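User: I would like to learn how to read a protein model feature by feature, starting from a single atomic contact and working outwards. Could you take me through one?

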Amino acid sequence: MGFQITPKEYVDYIILAGEEIEKNGEYVTALDAKTGDGDHWVNLNSGFQKLISMQEELKIMELAPMLKKIGMTLMSAIGGSSGVLYGSGYLAASKALKDAGALDIDTLYIFLQTELNAIMERGKAKPGWKTMIDSLYEGVEAYGAAKEAGQDERQVMEALKRGAQEGRDRTREMEAVKGRASYQTNKGVGELDPGAVTMCIQLECLSDYILNHKL
């Protein structure tokens with residue numbers, strides 16, 4: 001029997017991710033000031049703090065309705081393009097997992113793959129464009145490859161984390177295709193993308209939560 005993440009436990013992960021995002025405020029904001037509008041962390045943090053404030057409500061919901069509620073909340077609380085992208089990812093995942101009661105090695109992969117596809121479609125962006133997609137894409141690719149190779153669940157979660165980190169790190173040498181950084185002379189080359197950094201934080205927290213509490 002592999003790991004099972006209940007809706008309540010997923011909210012516990014959200015709390016951990018929100019705390020980690022909050023801790024990285026100065027770093028992400030300084031990074032975003034070089035390549036973007038400087039408000040990415042403020043917006044994303046407000047969304048996660050809103051979710052944390054709703055934790056008791058979220059913990060008693062079924063999985064699909066909970067994911068939908070998270071998506072709607074992030075869409076309204078984050079605002080701007082990030083809010084729309086995060087919201088779209090969670091709303092798509094809630095539909096894809098409408099019959100699931102919990103997240104396991106297979107349904108978590110469906111969740112992340114669906115979220116990735118929804119964000120790419122809504123944002124009209126691809127891997128390699130120096131966005132949050134780069135962390136998520138590399139994480140999902142590594143997850144799928146490890147699962148396909150028959151690795152155990154601990155190895156699969158470590159692959160997800162490592163892939164997300166590699167995707168984040170690769171944005172340093174990428175040229176921005178969209179956003180404020182794309183208008184800079186160097187197109188943001190030499191700096192990590194703040195969206196990729198905060199997406200990586202979430203995937204690291206998810207992997208660590210499963211590794212530390214479920215395996």
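Analyst: We can begin with one polar pair: a polar atom of the side chain of serine 135 lies 3.5 Å from the backbone nitrogen of arginine 168. A polar contact is a pair of N or O atoms within 3.5 Å, where within protein one must be able to donate a hydrogen and the other to accept it, and residues adjacent in sequence count only if both atoms are side-chain atoms. Please keep in mind that this is a predicted model, in which local features need pLDDT of at least 70 and side-chain atom pairs count only at pLDDT 80 or more, whereas totals for chains, interfaces and linings use all residues. Residues are numbered from 1 along each chain as its sequence is written, and side-chain values use heavy atoms, with hydrogens and water left out.

User: Where does serine 135 sit, and is serine 135 buried or exposed?

Analyst: Buried means under 20% relative accessible area, exposed over 50%, and partly exposed in between, using a 1.4 Å probe and protein chains only. Serine 135 is placed in helix α8, residues 132-148, and counts as buried because its relative accessibility is 0%. Helices (H or I, at least four residues) and strands (E, at least two) are DSSP runs numbered from the N terminus. With contact meaning heavy atoms within 4.5 Å, and leaving aside residues up to four places away in sequence, serine 135 touches Gly163, Ala164, Gly167, Arg168, Ala196, Met199, Cys200 and Leu203.

User: How should I read a cavity, and which residues line the largest cavity here?

Analyst: Rolling a probe the size of a water molecule over the atoms shows where empty space is left. On a 1 Å grid over the protein atoms alone, a cavity is a set of points where a 1.4 Å probe fits but cannot get out, while a pocket is an open set with protein on both sides within 12 Å along at least five of seven lines, and lining residues have an atom within 4 Å of a point. Grid points are joined across faces, edges and corners, and a volume is the space filled by probe spheres set on the points. This structure holds 1 cavity of 30 Å³ or more, and the volume of the largest cavity is about 60 Å³. Its lining is made up of Tyr10, Tyr13, Tyr90, Phe111, Leu112, Glu115, Met199, Gln202, Leu203 and Leu206. Two or more lining residues come from each of α1 (7-23), α7 (105-123) and α10, with α10 giving the largest share, 4 residues.

User: What is the make-up by class of the lining of the largest cavity, and how does the second largest pocket divide?

Analyst: Ala, Val, Leu, Ile, Met, Phe, Trp, Tyr, Cys and Pro count as nonpolar, Asp, Glu, Lys and Arg as charged, and the others, Gly among them, as polar. The cavity lining has 8 nonpolar, 1 polar and 1 charged residues. The second largest pocket, with a volume of about 200 Å³, has a lining that divides into 8 nonpolar, 3 polar and 4 charged residues. Of its 15 lining residues, Glu20, Ile201, Glu204, Cys205 and Asp208 lie nearest the centre, and the largest share of the lining, 9 residues, comes from α10.

User: What does aspartate 208 touch?

Analyst: Aspartate 208 belongs to helix α10, residues 194-213, and is partly exposed, because its relative accessible area is 26%. Not counting residues up to four places away in sequence, aspartate 208 touches Lys161 and His213, and its side chain makes a polar contact of 2.8 Å with the side chain of lysine 161.

User: How do I read a positive phi, and where is lysine 124 placed?

Analyst: Most residues other than glycine have a negative phi, and most peptide bonds are trans. Lysine 124 has a positive phi, near 50°, and is placed in the loop between α7 and α8. Lysine 130 lies in the loop between α7 and α8 and has a positive phi near 65°. Lysine 124 counts as exposed because its relative accessibility is 62%, whereas lysine 130 counts as buried, at 4%.

User: How many helices and strands does the protein have in total?

Analyst: The secondary structure comes to 10 helices and 0 strands. Its radius of gyration is 16 Å, close to the 17 Å that the globule rule gives for 215 residues, so the protein is as compact as a globular protein of that length. That radius is taken over C-alpha atoms, and the rule is 2.2 Å times the number of residues to the power 0.38. Of the 215 residues, 53% count as buried.
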